[in-house]
Amino acid sequence: MNKKQRDDISKLLSYVLRHAPESMELVLDRDGWADIEDLIRKANQYGHTFDYQMLHEVVETNEKKRFTLSDDGQRIRAAQGHSTGQVQVQHVEKTPPAQLYHGTAGRFMASIEAQGLIPGSRHHVHLTESPETAIAVGKRYGQPVLLAVDVQGMRQAGIRFFQADNGVWLVASVPAAYLRTVKDKIHT
Ligand code: HQG
């Protein structure tokens with residue numbers, strides 16, 4: 001497969017496993033798992049032709065490790081980013097490193113300063129250990145803004161942190177008091 005073919009399958013998987021399983025009559029369990037045989041059959045019915053080997057290649061080569069295979073290789077789920085009401089993934093609660101980041105766009109900052117970070121349509125606010133990743137995520141929506149999160153302050157306030165299968169950090173929200181704009185890492 002070439003990159004375009006892999007990206008197309010990856011986008012389809014993100015869409016059905018995170019947001020709209022019903023668009024392909026797919027049913028996910030509470031932890032977000034889909035039966036791979038069922039998924040491939042339904043995808044094929046909806047005009048997306050790929051097989052187990054191709055799906056495997058997409059999972060293996062995905063630069064953000066967006067998808068997780070079950071130990072027996074029969075099920076697949078999105079590691080994070082869900083918005084579908086079908087699932088309520090039990091992510092692992094963990095102590096995060098001292099510094100986490102969130103990337104956003106300048107046009108959201110007035111609202112973020114007023115409300116803090118809220119999950120929007122997704123189930124969690126997404127944080128990362130990598131400022132570079134955060135900046136790239138922010139760029140999807142416009143002029144990027146890098147926010148550093150006061151992890152220690154949040155932990156002292158009793159806010160719980162979870163880690164997805166692919167290392168992304170998840171929280172319910174981040175009150176504005178725990179956010180600081182970082183300017184020196186942005187080179188656009
Ligand atoms: C912003 C990617 C106004 C928030 C990444 C973001 C991530 C607010 C946008 C994953 C706000 C939501 C998720 C507030 C937050 N007022 N705007 N109070 N609070 N926002 O796409 O974090 O490539 O739902 O800053 O790596 O950007 O898809 O979330 O800009 O892990 O695998 O509202 O997506 O992974 O946007 O990205 P999103 P996100 P993938």
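1. V125 has V171 as its bridge partner in β9. Strands β6 and β9 (residues 169–171) run antiparallel and are joined by three bridges. Strands here are DSSP runs of E with at least two residues, and helices are runs of H or I with at least four, numbered from the N terminus. Two strands pair if DSSP finds at least two bridges between them.

2. This is a predicted model, in which local features need pLDDT of at least 70 and side-chain atom pairs count only at pLDDT 80 or more, while totals for chains, interfaces and linings use all residues. Residues are numbered from 1 along each chain as its sequence is written, and side-chain values use heavy atoms, without hydrogens and water.

3. The open sheet has four strands in the order β4-β8-β9-β6, with antiparallel pairing. β4 (92–93) and β6 (125–127) are at the edges with a single partner strand each, so one side of each has no neighbour in the sheet.

4. The largest nonpolar core (buried Ala, Val, Leu, Ile, Met, Phe, Trp, Tyr and Cys residues joined through side-chain atoms within 4.5 Å; buried means under 20% relative accessible area, with a 1.4 Å probe and protein chains only) has 23 residues. Among those with the most contacts inside this core are L13, F50 and I76. α1 gives the most to this core, with five residues. A second, separate core of 17 residues includes V125 and I112.

5. The ligand is surrounded by 18 residues (each with a heavy atom within 4 Å of it); R66 and Y141 are among the closest. An N or O atom in the side chain of Y141 is 2.6 Å from an oxygen atom of the ligand.

Definitions and conventions
Buried means under 20% relative accessible area, exposed over 50%, partly exposed in between (1.4 Å probe, protein chains only). A polar contact is a pair of N or O atoms within 3.5 Å; within protein, one must be able to donate a hydrogen and the other to accept it, and residues adjacent in sequence count only if both atoms are side-chain atoms.
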